[in-house]
Amino acid sequence: MAMQLTELLRFSTEDANDLVEGQMETTLRKVMEHTKCTDWRKVNSTVLTKLTKAQLVECLNEAIIAVGLGQESLEDAVADYGGLLENQVRLQARVINRDEELLKCKNEQLEAIQSTVKSELKSYSEVTKKGLEERAITAQQVKMAVKTAVKEDDRSRNVMMFGVPETAAEDLESKAAEVFEQLEEKPKVVECHRVGVQKEGASRPVKVTLSSSDTVGRILGKSRQLKTTDRFSRVFISKDLTVDERNARKKLVMELKQKRENEPGLYHFIRNGTLFSRNHAGS
């Protein structure tokens with residue numbers, strides 16, 4: 001009996017895993033279709049950035065559904081398993097009642113059966129609990145991924161302005177608009193405010209949220225033109241970096257300063273997160 005019930009447990013768990021894997025394969029195919037990727041082994045973080053916000057939310061939502069289906073399948077298996085155990089106990093009790101010789105050891109047999117049932121239920125409960133916990137963690141990770149994706153999408157619509165003079169009762173939107181006009185851009189400003197702790201004699205950076213990430217891309221591409229203007233030659237525009245990106249940028253800037261001190265005969269600069277050095281007259 002114990003062997004048969006153990007086999008049922010194994011098949012039920014495999015069915016739940018197959019259900020989850022099947023749904024996950026469907027989700028993966030959608031990701032490949034959206035990103036035009038023909039090889040699932042090449043699906044990585046770079047490929048996933050090609051997804052739109054709506055596509056990413058759709059795929060991750062299906063992954064959450066897959067986890068839920070696996071949980072429901074396991075819960076159903078638990079119920080079926082308990083019912084079979086109860087039926088097995090009743091059948092064994094009838095056999096004992098029909099045989100007078102077995103009646104003499106009825107209590108002993110029933111205790112043995114109860115011990116087996118408790119042991120099997122405990123083992124299956126532990127396996128099921130572990131499986132549900134693992135899937136619960138996976139679902140939480142998916143939810144966090146969705147939350148992160150939304151934050152990254154919001155961040156892509158931001159630009160940071162450095163070097164904009166800070167004054168009392170200032171109209172930041174007007175100041176930002178003047179900077180954008182120098183780049184021949186008139187974007188729709190959704191929000192505009194300074195960030196960081198105010199210090200005497202220093203101007204805090206200005207975070208500007210625009211209506212679209214495409215507009216941000218155009219402005220960043222033209223931002224170098226500010227160096228040639230009279231009013232905003234000291235203003236620098238960059239994308240809204242994460243904490244990790246800011247730390248990496250800070251490290252690069254320190255390396256740049258050290259390069260300029262140690263190798264003054266070369267032209268050193270940062271481009272796309274990489275430090276380059278070249279001759280002043282060459283490229």
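## Exercises on burial, the sheet and salt bridges

On the other side of α7, away from its buried residues, D214 and G221 are exposed. Exposed denotes over 50% relative accessible area, buried under 20%, and partly exposed the range in between, computed with a 1.4 Å probe on protein chains only. Helices (H or I, at least four residues) and strands (E, at least two) are DSSP runs, numbered from the N terminus.

The model is predicted, so that local features require pLDDT of at least 70 and side-chain atom pairs count only at pLDDT 80 or more, while totals for chains, interfaces and linings use all residues. Residues are numbered from 1 along each chain as its sequence is written, and side-chain values use heavy atoms, with hydrogens and water left out.

**Exercise 1.** Determine which residues of α7 are buried, and what covers them.

*Solution.*
- Step 1: The buried residues of α7 are T215, V216 and I219.
- Step 2: These residues lie on the same side of α7, because they cover an arc of only 100 degrees around the axis. The arc is taken over the directions from the helix axis to the C-beta atoms.
- Step 3: A general rule applies here: an α-helix has 3.6 residues a turn, so residues three or four places apart point the same way.
- Step 4: The cover over the buried residues of α7 includes β1, α6, β3 and β4; contact means heavy atoms within 4.5 Å.

**Exercise 2.** Carry out the analysis of buried residues for α6, and state how this helix lies on the strands.

*Solution.*
- Step 1: L172, K175, A176, V179 and F180 are buried in α6.
- Step 2: Viewed down the axis of α6, these buried residues fall within an arc of 140 degrees, so they line one face of the helix.
- Step 3: Among the elements that cover them are β1, β2, β3, α7 and β4.
- Step 4: α6 lies across β1, β2, β3 and β4 and runs at about 110 degrees to β2. Such angles run from 0 to 180 degrees between N-to-C directions, and the axes are lines fitted to C-alpha atoms, for helices over the stretch in contact.

**Exercise 3.** Establish the order of the four strands in the open sheet, and identify the edge strands.

*Solution.*
- Step 1: The order is β2-β3-β1-β4, with antiparallel pairing. Two strands pair if DSSP finds at least two bridges between them.
- Step 2: β2 and β4 are the edge strands, each pairing on one side only.
- Step 3: On average, neighbouring strands of this sheet are turned by 20 degrees against each other, direction ignored.
- Step 4: Four antiparallel bridges connect β1 and β4; M161 has I237 in β4 as its bridge partner.

**Exercise 4.** Describe the surroundings of N158 in strand β1.

*Solution.*
- Step 1: N158 counts as buried, because its relative accessibility is 8%.
- Step 2: Apart from neighbours within four places in sequence, N158 is in contact with K207, V208, T209, V216, K239 and D240.
- Step 3: With D240, the side chain of N158 forms a side-chain polar contact of 3.0 Å. A polar contact is a pair of N or O atoms within 3.5 Å; within protein, one must be able to donate a hydrogen and the other to accept it, and residues adjacent in sequence count only if both atoms are side-chain atoms.

**Exercise 5.** How many salt bridges does the structure hold, and where do R204 and E166 lie?

*Solution.*
- Step 1: The structure holds 11 salt bridges, each being a side-chain nitrogen of Lys or Arg within 4 Å of a carboxyl oxygen of Asp or Glu.
- Step 2: R204 and E166 join through their side chains in a salt bridge of 2.7 Å, N to O.
- Step 3: R204 lies in the loop between β2 (189–194) and β3 (206–210), and E166 in the loop between β1 (158–162) and α6 (172–182), so the pair ties together parts that are 38 residues apart in sequence.
- Step 4: A network of salt bridges links E166, E170, K175, R194 and R204.
- Step 5: A salt bridge of 2.8 Å, N to O, joins the side chains of R231 and E178. This pair links distant parts of the chain, 53 residues apart: R231 is in the loop between α7 (213–222) and β4 (236–239), and E178 is in helix α6.
- Step 6: R231 counts as exposed at 58% relative accessibility, whereas E178 is partly exposed at 32% relative accessible area.
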